Amino acid sequence: MNGAEALLRTLLDAGVEVCFTNPGTSEMHFVAALDRVPGMRCVLGLFEGVVTGAADGYARIARKPAATLLHLGPGLGNGLANLHNARRGDVAMVNIVGDHATYHLQYDTPLTSDVTAVAKPMSHWVHSSQSSEQLPQDAARAVGAARQAPGQVATLILPADVSWEECTAGPAAMPEPAAPRHVREEVVEQCAAALSCGEPALILLGGHVTDQDLELAGRIAAACGARLAAETFPARLPWGAGRVTCEKIPYIPEFALEHLKAVRRLVLVGARAPASFFAYPNLPGRLAHEECELLTLAEAYHDRIDALERLAEALHAQEAEPVRNPLALPALPDAGALSTGAVGDIIAALLPEQAIVVDEGITGGFDVFARTRTARTHEWLIQTGGSIGWGLPAATGAAIAAPGRKVVCLEGDGSAMYTIQALWTMAREQLDVTVVLFANRDYAILQFEYQRVGASGMGANARSMMHIGNPDIDFVALAQSLGVTATRAHDTAEFAAQFAAAMAAPGPRLIETMTPALGL
Ligand SMILES: Cc1ncc(C[n+]2csc(CCOP(=O)(O)OP(=O)(O)O)c2C)c(N)n1
C-alpha cells in the first residue's frame, strides 16, 4: 500500500466519503488510489472555487466534512475565496493539497510555492506531511481537526513522494474529537437574570442553527417575553411552516439599528455581537443600542444545546409553548411584470417540503427569504463570508449531501460568473438543483452601496464598473453549453410555469429571471 492509498483508507474510516477534486500531476497517485480503494465518491470541479465551495455546501447539510483535492499553491489559491466563506461559517472540511516531492523543491521549478503560507490565513489547521509512514496519522489528525466543534477548515499538504512511497503502517484511526465545551454555570445564571429582569430582551442565534436550538430558544423567549432572532448570515437556518418563529437581523444597518433599537438585553447564542457589514460615514458599527447589555450564553464552540437546556431550566421555560410559523402559501400572482417580490411569492408557493435554499441572490434574495417564512418546511444555507462565487458550488455540494431533497439556488448574475463552472458539475452528477438566476445585469448592491459610503456623483467609469450588461450574458445558452437545461422567464406567468416544472422533475435546471434590480 502506498501513502495515497493509506490516506484514502484513513479518510474513509473516519467517515469522509466524498472528495471534490481538481487534480494535477503531483496528485496523480491520489487519483490512482481512487480506483484502487472503493467507497470514495469523487466529484470533479472545473475550478478550485467550485471544489472548495462544494465541500462547504456538502458539510453544512451532511454535518460532516468532505475532502477536497487541490493542486499545489496556485490550485489552493484559486479555492481560497470559498475557504474564507467556510472558515467564517465554521464549516468542517479536509483539504488535501499536493506539493512537489520533498527532494524536488530544491530545484525551484515553476509550480513551487510556499503552500503552507497560502493555506494558513483560510485554514484553522495546516500540516505538511513529510513521510508515507506518518501520512495516515497526519490524515487522521486532519479529520479530527476538521470535526472539532463547531467545525474547522483543515489543510493537509501532501508532497508527491509522500503519496507514492510505501506505507507499511496502513490506515490510522481518527482521534475522538474533543466534546464541545460546556458553558459555566455563572454564565447561565447571568443570562437567566438578564432575561427575567423585565427589560426588553432578544435572544440571537448564529452559526449552524438547528431545529433543537430554535425549539429551546423559542421556549425561553416565550416564557420570558423576549424576542428571538437569527444573525444576518447564519451558516444554516431551518425555516418555513411549523418551525419556531424567529426574526433575522436585516443587512442594511439603518434597518438593523431600528430592529434592535428597543432591545436592552441581548443574549448571544453562537452569534457575534451584531455589527454592520461595512463601515459607513455617520453610522455606528455596533448595531445594538448603546444602553443594551450584551451577554454571551454560548460561543460557537460551546455545546449550545446544553447551554440552552440549562437556561430553559433556570427560567422554568421547559414547558413553554413557542410561537410557530403557520403554513400560508401565497397565491400565485396573475401575469405581470417580474420583480424580486413576485419571484419570492412564486418560490414560496411552490417550494417542496424539505427543500434546501442556497442563497447568493444578493439583492434578489432579500424578498425571497421574507416570503418563505410560511412556505412548506425547508432550510436555508446562507453566505457566511461575503465572498461571492459561493452559491452555485455550495448548491452542488448540498445536493450531493442530500439526495432526494430539492435544492433551490438563488443566484445573482454577477455572483454566478465567478464560479459558473459549477453548472457543469451539476450536469455531470445529475444533481437535483434549480438555479433561479436574477439577471438584473448590474452589480446592483454596489450601486446602492456607492452612495451610502459617501462616494459622490457617478460618472461613466464608475457606472461601467458596476454594470455587467454590454455585452449581455446569455445565461440560457451558457447553462445549456455546460449541460444544464435552461429557460428564460420574462414575466410572472412564465416564471411560475418554469419554476413549477422544475419542482416537478428532478435534475439540474436554470431559470434566468429578467428581474429589474430591487429598488433599494
Ligand atoms: C470575491 C468577491 N469579489 C467582489 C466582491 C464585491 N461584490 C459584492 S456584491 C458584488 C456584485 C454582486 O452582483 P450580483 O450577484 O449580480 O447581485 P446584485 O448586486 O445585482 O443583486 C460584488 C462585485 C465580493 N463580495 N467578493
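This note goes through a sheet, some salt bridges, a ligand site and one helix in a predicted model.

1. **The sheet.** Seven strands form an open sheet. Their order is β9-β14-β13-β15-β16-β18-β17, and the pairing is mixed. Two strands sit at the edges: β9, residues 236–239, and β17, residues 485–489. Each of these pairs on one side only. From one strand to the next, the twist averages 20 degrees.

2. **The β9 edge.** Strands of a sheet pair through backbone hydrogen bonds, either parallel or antiparallel. Which way do β9 and β14 run? They are antiparallel, and four bridges join them. Strand β14 covers residues 378–382. For a marker in the viewer, take L237, which stands opposite W380 in β14.

3. **A helix on the sheet.** Helix α3, residues 48–62, packs on this sheet. It touches β9, β14 and β13, the last being residues 355–360. The direction of α3 makes about 140 degrees with that of β14.

4. **Salt bridge R265 to E293.** The structure holds 28 salt bridges. One of them joins R265 to E293, with the closest N and O atoms 3.3 Å apart. R265 belongs to strand β11 (residues 265–269) and E293 to strand β12 (residues 293–298), so the pair links parts that are 28 residues apart in sequence. The two partners are assigned to separate burial classes. R265 has a relative accessible area of 17%, so it counts as buried, the cut-off being under 20%. E293 is at 37% and is therefore partly exposed.

5. **Salt bridge D432 to K406.** Here the closest N and O atoms are 2.7 Å apart. Why does this pair tie together parts that are 26 residues apart in sequence? Because each partner lies in its own loop: D432 between α16 (422–428) and β16 (433–438), K406 between α14 (391–401) and β15 (407–412). Are D432 and K406 buried or exposed? Both are buried.

6. **A salt-bridge network.** E321 and R324 form a salt bridge, and their closest N and O atoms are 3.6 Å apart. E321 has 56% relative accessibility, so it is exposed, the cut-off being over 50%. R324, at 33%, is partly exposed. This pair also belongs to a network: salt bridges with shared partners join E215, R219, E321 and R324.

7. **The ligand site.** Which residues come nearest to the ligand? Of the 17 around it, they are T363, D413, G414, S415 and I445. G414 takes part through its backbone: one of its polar backbone atoms is 2.7 Å from a ligand oxygen. S415 uses its side chain, with a polar atom 2.7 Å from an oxygen atom of the ligand. Y418 faces a nitrogen atom of the ligand, which is 3.5 Å from an N or O atom in the Y418 side chain.

8. **Helix α17.** I445, listed above for the ligand, also appears in this helix, which spans residues 444–452. The buried residues of α17 are A444, I445, F448, E449, Y450 and R452. An α-helix has 3.6 residues a turn, so residues three or four places apart point the same way. What covers the buried residues of α17? The cover includes α10 (253–260), α13 (366–371) and α18 (460–464). After α17 comes G454, with a positive phi near 95 degrees.

How values were computed
Residues are numbered from 1 along each chain as its sequence is written. This is a predicted model: local features need pLDDT of at least 70, side-chain atom pairs count only at pLDDT 80 or more; totals for chains, interfaces and linings use all residues. Side-chain values use heavy atoms; hydrogens and water are left out. Two strands pair if DSSP finds at least two bridges between them. Axes are lines fitted to C-alpha atoms, for helices over the stretch in contact, and angles run from 0 to 180 degrees between N-to-C directions. Contact means heavy atoms within 4.5 Å. A salt bridge is a side-chain nitrogen of Lys or Arg within 4 Å of a carboxyl oxygen of Asp or Glu. Buried means under 20% relative accessible area, exposed over 50%, partly exposed in between (1.4 Å probe, protein chains only). A residue is near a molecule or strand if one of its heavy atoms lies within 4 Å of it. A polar contact is a pair of N or O atoms within 3.5 Å; within protein, one must be able to donate a hydrogen and the other to accept it, and residues adjacent in sequence count only if both atoms are side-chain atoms.
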